[in-house]
Amino acid sequence: NDLNKIGIELSPWSSHGQLTGLKGKSQKDINDIARSNWEGEMQKRKDYLLKYNINLLTYTDSKLQDINEVWNEIKHFLVPATFNEQLQFYIINDRVNI
């Protein structure tokens, strides 16, 4: 097919959201730390996707509750739209059949 790429990200909050060292911090400070971490992660992801021209489907906690639904959504991306035929190497075939 046309070699388009699609990324599939299973992205529960726990993979991005762990915060440490929060003792004594205000809720505003915690939110600022969380936002900064999230923005950093999303910028890295965006840079990678743009570099390799990849479209992305992201599944977060609420969607991951029903993994069968997730699978049903993504499985058609895992099968090529067309199948290439095996190239025939007639020269080799001629040599082997001699």
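In the predicted model, the count of salt bridges comes to 6. One of these joins the side chains of Glu9 and Arg45, with an N to O distance of 2.3 Å. Because Glu9 belongs to strand E1 (residues 5-10) and Arg45 to helix H1 (residues 27-51), this pair ties together parts that lie 36 residues apart in sequence. The two partners fall into separate accessibility classes: Glu9 is buried, with a relative accessible area of 17%, whereas Arg45, with a relative accessible area of 27%, is partly exposed.

Lys63 takes part in two of the pairings described here, one with Glu69 and one with Glu73. The side chains of Lys63 and Glu69 meet at 3.1 Å, taken from N to O, while the corresponding N to O distance for Glu73 and Lys63 is 3.8 Å, which lies inside the criterion of within 4 Å and therefore qualifies as a salt bridge. The pair formed by Glu73 and Lys63 links distant parts of the chain, since Glu73 is located in helix H3 (residues 67-74) and Lys63 in helix H2 (residues 61-64), at a separation of 10 residues. As regards accessibility, Lys63 is partly exposed at a relative accessible area of 35%, Glu69 is partly exposed at 33%, and Glu73 likewise counts as partly exposed, at 30% relative accessibility.

Salt bridges also occur in the form of a network, in which Lys28, Asp32 and Arg35 are linked.

Definitions and conventions:
Residues are numbered from 1 along each chain as its sequence is written. This is a predicted model: local features need pLDDT of at least 70, side-chain atom pairs count only at pLDDT 80 or more; totals for chains, interfaces and linings use all residues. Side-chain values use heavy atoms; hydrogens and water are left out. Helices (H or I, at least four residues) and strands (E, at least two) are DSSP runs, numbered from the N terminus. Buried means under 20% relative accessible area, exposed over 50%, partly exposed in between (1.4 Å probe, protein chains only).
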